[in-house]
Amino acid sequence: MPPRRPTSSSHADSSKPSGGGAKNDHTELKPSPYYTSRARKSRPAPPVPDEPDEPSMDPPREEEYYTSNHYPAEGEEEPGEGTPVADDPRAVSKEFQELDEDGPIEEDDDNPDSTRAGPPISLQVIEGPDAGRKKRFKSVRMVVGRGKDVDLKLTDQAVSRRHLELIHGDNGTMLRDLGGASGTKVNDERVEEKQLKHGDEIEIGRTVLKFVDEIEAVKQFRAEQDAKDAEAKKKAEEEAKKKAEEEAKKKAEAANASAAAKGDVDPNDPRLKEGTAVRPALDSVPTRRGQGKLADKKVLYAGGAGVFLVVVVVVLIIIFAKKDPPAPPPVDPKEQLAIAKMNAARNAIRDGDYAEAVKLIEAAERLKPGIDEEGLAKAAQTEAAVMEAFKSVRALMAEGNYAEARRALEASPAGTTTKSDEERAALEKELSQAEAAFFAKRAEELLAAGDLDGLRALIPKLPTDLQPLYRDKAAELQEALNKDAAEQAKLEKNNKALAAKRAAERRAQFIADAFSSVERKFENGDYERAVLECDRVIEDNKGDVEIRERAKNLKRLIPQFARSYTDAQRKVQANSMETAVRPLKKSEEIYREIGFRGALLDSIHEQLAEASVRAGKSALARNDLASAGRLFREALRLNPGDSRATEALTGMQDKVNQLYERAYMEKDRDPRSAAEKFRIVIDTAEEGSELREKAQSQLNELSP
């Protein structure tokens, strides 16, 4: 017998909440705000009322509804004051925990629900040796690498000790590569710096990190969940509507079958028309009651067979699901050796042995082609070339060839790591310092050597701060060189003059030696033999033009001297000193022209001085002041110690002054006579005296 349909009252009672509160007619069913994915997995579904005809094969719905008199389930937190809602960080943290429940993730923080000082962002390791780990920010900066002093420490050997850093600020989170050997990729794009957004995947070495912004993740999760809930609700409504239509059809068919069995079917009953329209085969159904019972049994048998089939399927799923996972494939020793060589190559790169790293990577590639996915071999080869170029630069620096070292450094290839960039900067600084020291030393050497041109050519190569100093030193060197040049020229001139003087003295001595025999005879008064001796000198020095010309000149002068000197001596002996002055004066002039330096000249000077004094006194007695003055000055020239000449000149000063006054008074009346008197004053007055200067001035005025 078919199961009895539950009454409407019992059905209404089954929808009451567990707390016992009555459900009114206006109660509105709404999704619970405390319903989460955690509740879906942990809490049982509410009981479903029995269907009237057959058990439902649909899975129980997991969505929970509540009414205005809803009571929290067991273990559920009752909402009240202080419950986190909306974008409250506590709500974000809890919902983000639910978001992460799809798979176990290792959490580095001790208590993820505790209050944290850092921003609500984190990194998840989704691929690599550390897959499954997650690290939340504890401050605004996070450093990732293999080293000890990092925030997220990885075991991936392809990752550098300090590979990258994340810095969180007002504008978001910035990623910066710290110079890792394998570089950094964000969403398969190699970057040095990158502004991150939620969901970005960061690849370093063999590790892939996922950047998670918990607030953005919760917003996405809520949007996705709302979309899923709306879709589920729509699907549930469609299924409920479809199910209701099917149940209505089944009820109509059952009613039609029951009426036909009893024989009270009205042909005009619309229910009969509806049943025949849906199931035409009912027209041929027997109207006997036994046949209705048989149909009910068939329905029961079909339902039991369906349940049995479902149970069998579930059992099979459980059996196959519990099978042990397949055994891992055997380890390839070549692959392990290749991995070991790649790790050794990374260590060699860190140690700066790039040539060894290239060898190790090539060996690893032979063992397992394509293992160098990061391109370490190319990077190591580039770094090896860079280091070799740096080595050549240092060798040139050691040789002192700084210009060639500078060209080699500029031509060296660009490095691919921070270490090579730092090495280049250090080498550039070292080269600049060495160049500065070398050029400064060279400048000092040029200064010491007095090489002004070399110093001026070197100054532009000196450091900028040293150039003014050496320009001043170059100016000082120029001044010193000019002074030295002037002194050197003067010295050379003096040396030349001295050399010429000495040469002249040697020449004069040579000539004097050539005419020594002539001079002896001349000094002894043997003038004829002296002339004959000149012929012998000419014969002995035929090739010497100067000696030959001098000998000829002596042959002409010696006879003239002999006549003048003989005449003077006769007058001196006759005590006619005034008349002896002229021949004595001429004898002196001829003797000087002859050029001998014997005692005869001194004798002539004594006689001439004496004759001049006497002649001067005679002229003074005649009031011939001009002649007297010239004679007295001649006597003082020949004999500066002659007191007679000195006293005579002193006594003449009064007469000279009187003569000046007369000339001054006559200059307007008789300029010619005045000029003559001024000349006498000039000749008579002492050399440099005021009277002589005034007479010269007056004479200049009278001259036309």
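**View 1. Glutamate 165 and the residues it touches: skipping neighbours within four places in sequence, glutamate 165 is in contact with Arg141, Met142, Val143, Met174, Leu175, Arg176 and Leu178.** Contact here means heavy atoms within 4.5 Å. Before going further, a word on what you're looking at: this is a predicted model, where local features need pLDDT of at least 70 and side-chain atom pairs count only at pLDDT 80 or more, while totals for chains, interfaces and linings use all residues. Residues are numbered from 1 along each chain as its sequence is written, and side-chain values use heavy atoms, with hydrogens and water left out. Glutamate 165 sits in strand E8 (residues 164–169); helices (H or I, at least four residues) and strands (E, at least two) are DSSP runs, numbered from the N terminus. With a relative accessible area of 7%, glutamate 165 is buried (buried is under 20% relative accessible area, exposed is over 50%, partly exposed is in between, with a 1.4 Å probe and protein chains only). Its side chain has a polar contact with the side chain of arginine 141 at 2.6 Å. That term covers a pair of N or O atoms within 3.5 Å; within protein, one must be able to donate a hydrogen and the other to accept it, and residues adjacent in sequence count only if both atoms are side-chain atoms.

**View 2. A buried salt bridge: glutamate 214 and arginine 136 pair up through their side chains at 2.7 Å, N to O.** Glutamate 214 belongs to helix H4 (residues 214–262) and arginine 136 to strand E5 (residues 133–136), so this pair ties together parts that are 78 residues apart in sequence. A salt bridge puts a side-chain nitrogen of Lys or Arg within 4 Å of a carboxyl oxygen of Asp or Glu, and that rule gives a count of 37. How buried are the two partners? Glutamate 214 has a relative accessible area of 2%, and arginine 136 has 1%.

**View 3. A helix-to-helix salt bridge: arginine 507 and glutamate 546 meet at 2.9 Å, N to O.** Arginine 507 lies in helix H13 (residues 467–514) and glutamate 546 in helix H16, so the link joins parts 39 residues apart in sequence. Both ends get some exposure: arginine 507 is partly exposed at 27% relative accessible area, and glutamate 546 is partly exposed at 43%. H13 also takes in the stretch that UniProt (unreviewed entry) annotates as "coiled-coil region", residues 474–501. UniProt positions follow the numbering used here, feature names are shortened, and annotations may be inferred rather than shown by experiment. In the model, residues 474–501 are 100% helix and 0% strand, with the end C-alpha atoms 39 Å apart.

**View 4. Helix H14 (residues 516–523) and its buried residues: Ser517, Val518, Lys521 and Phe522.** Looking down the axis of H14, the buried residues fall within an arc of 135°, so they line one face of the helix; the arc is that of the directions from the helix axis to the C-beta atoms. What do they pack against? The partners are helix H15 (527–540), helix H16 (545–573), helix H17 (577–594) and helix H18 (599–621). Just past H14, glycine 525 has a positive phi of about 85°.

**View 5. A salt bridge within helix H17: glutamate 588 and arginine 592.** The closest N and O atoms of glutamate 588 and arginine 592 are 3.2 Å apart, and the two residues sit four residues apart, about one turn of the helix. Glutamate 588 is buried at 2% relative accessibility, while arginine 592 is partly exposed at 47% relative accessible area. Salt bridges with shared partners join Lys585, Glu588, Arg592, Glu634 and Arg637 into one network.

**View 6. The loop between strand E10 (185–186) and strand E11 (189–190), with asparagine 187 and aspartate 188.** Asparagine 187 isn't a glycine, yet its phi is positive, about 55°. Aspartate 188, also a residue other than glycine, has a positive phi near 70°. Asparagine 187 is partly exposed, at 40% relative accessible area; aspartate 188 is exposed, at 69%.

**View 7. The whole protein chain: 23 helices and 14 strands.** Buried residues make up 32% of the 704 residues. Of contacts between residues at least 6 apart in sequence, 53% join residues at least 24 apart. The chain exposes about 44700 Å², with carbon and sulfur atoms supplying 52% of it; accessible areas come from the Shrake-Rupley method with a 1.4 Å probe, and for residues only the protein chains shown count as cover.
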